[in-house]
Amino acid sequence: MKIASWNVNSLRVRLEHVQEWLASAQPDVLALQEIKMVDEQFPLTEIQETGYHAVFSGQKTYNGVAILSREPATDLIKAIPNFEDEQRRVLAATVNGVRIIDLYVPNGSSLDSDKFQYKLQWLKALHAWLQEELTKYDKLVVLGDFNIAPDDRDVHDPAAWVGHNLVSPEERNIFQGLINMGLVDTFRQFEQEEAIFSWWDYRNGAFWRNNGLRIDHILASTAMSQCCQSSNVDKKPRKKKRPSDHAPVVADFLLDS
DNA sequence: ATGGCTTCATAGTGAAGA
């Protein structure tokens with residue numbers, strides 16, 4: 001079962017890229033972030049024409065998440081329980097008996113901003129929720145744009161990023177907290193080349209210089225991590241004309257059924 | 001580099017992203 005995540009930075013603008021990537025990569029599940037549209041505008045027909053089901057939780061202008069899948073998705077949750085949040089950043093669903101939790105973690109702006117405090121509160125609520133989910137679902141995958149580079153290996157120039165959001169010790173501790181509760185960073189299960197990233201700034205040819213960060217992740221429960229065959233970043237869509245600033249990340253799981 | 005690009009909302013520029 002091939003499970004992927006992609007921050008598309010507007011599904012309206014990137015629909016063609018998504019369709020092409022579905023056709024070429026053939027994932028069983030694709031979790032999208034930053035679709036940036038209300039539900040009424042979701043291109044359901046176009047997605048269905050590619051052979052995928054879709055569930056989504058959108059809002060005007062910002063944020064918004066969706067799960068595209070070969071088999072139908074059931075048991076939707078569209079918010080972190082017991083956490084007041086107007087922003088559409090979470091979508092949980094079950095596909096083929098696997099619980100999928102799609103996340104668009106707040107960016108945080110800068111360490112001294114109110115948005116950073118919102119990010120920390122959001123992540124605290126997420127932690128509590130995921131602990132519950134882990135007790136309910138043996139086969140659990142938590143994936144999306146985490147807006148956290150877990151390690152200096154995930155940063156093209158760690159020295160230049162000191163003092164910034166996305167790499168702060170506080171954020172990294174929270175990410176480590178997710179690992180400590182039993183979620184595995186599937187990317188690090190495997191030997192990887194150096195300087196593999198999932199996001200590159202639009203400016204200054206950052207992609208072509210590989211000045212990036214690895215902030216998009218696929219975490220798996222123990223049972224899922226044990227059947228994970230590979231976990232990678234697919235840079236191809238980032239090379240297209242008018243790309244998203246993120247590339248898709250993909251993990252392949254060998255399931256019994 | 002102080003978002004240097006990109007998208008959205010808007011009809012000038014500003015907000016937001018990472």
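1. Gln 189 is partly exposed in this predicted model, because 16 other C-beta atoms lie within 10 Å of its own, and a residue counts as buried at 20 or more and as exposed at 12 or fewer. Gln 189 belongs to the loop between strand 9 (184–185) and strand 10 (199–200). Once neighbours within four places in sequence are set aside, its contacts are Val 184, Ser 225, Cys 228 and Ser 231. Leu 44 lies 145 residues from Gln 189 in sequence, and the two C-alpha atoms are 35 Å apart in space.

2. Ser 69 is found in strand 4 (residues 65–69). Ser 69 is buried, because 22 other C-beta atoms lie within 10 Å. Not counting residues up to four places away in sequence, Ser 69 touches Asp 28, Val 29, Tyr 52, His 53 and Val 95. Ala 54 is 15 residues from Ser 69 along the chain, with a separation of 6.4 Å between their C-alpha atoms.

3. Helix 1 (residues 11–25) departs from straight geometry and merits inspection of its backbone. Its end C-alpha atoms are only 18 Å apart, whereas a straight helix of 15 residues would reach 21 Å at 1.5 Å a residue. Helix 1 also contains a kink of about 35°, with His 17 at its centre. His 17 is itself one of the buried residues of this helix, together with Leu 11, Arg 14, Val 18 and Trp 21. Strand 2 (29–33) is the element against which the buried residues of helix 1 pack.

4. Several backbone phi values deserve comment. Most residues other than glycine have a negative phi. Gln 26, just after helix 1, takes a positive phi of about 55°. Lys 36 likewise has a positive phi, near 55°, and lies in the loop between strand 2 and helix 2 (44–49). Lys 36 is buried, because 20 other C-beta atoms lie within 10 Å and 20 or more is the criterion for burial. Asn 210 has a positive phi near 55° and is placed in the loop between strand 10 and strand 11 (212–213). Asn 210 is partly exposed, with 13 other C-beta atoms within 10 Å.

5. Helix 3 agrees with the expected length: its 23 residues should span 33 Å at 1.5 Å a residue, and its end C-alpha atoms are 33 Å apart. The buried residues of helix 3 are Lys 119, Trp 122, Leu 123, Leu 126 and Leu 130. Strand 8 (140–145) and helix 5 are among the elements that cover them.

6. The packing of helix 3 (residues 114–136) with helix 5 (residues 169–180) can be stated in geometric terms: their axes come within 10 Å and cross at roughly 10°. The two helices are therefore roughly parallel to each other, since angles under 35 degrees fall in that class. Helix 3 contributes Leu 120, Leu 123, His 127 and Leu 130 to the contact, and helix 5 contributes Glu 170, Ile 174, Gly 177 and Leu 178. By class, this contact comprises five nonpolar, two polar and one charged residues. Leu 123 and Leu 130 of helix 3 meet helix 5 and are also listed as buried.

Notes: Residues numbered from 1 in each chain as written. Chains lettered and ligands numbered in written order. Predicted model: local features only at pLDDT ≥ 70, side-chain atom pairs only at ≥ 80, totals over all residues. Helix = DSSP H or I, 4+ residues; strand = E, 2+ residues; numbered from the N terminus. Expected span 1.5 Å × (residues − 1). Bend = angle between axes of the 7 residues up to and from the residue. Contact = placed C-beta atoms within 7 Å. Axes fitted to C-alpha atoms, helices over the stretch in contact; angles between N-to-C directions. Parallel < 35°, antiparallel > 145°, perpendicular 65-115°, else oblique. Nonpolar A, V, L, I, M, F, W, Y, C, P; charged D, E, K, R; others polar.
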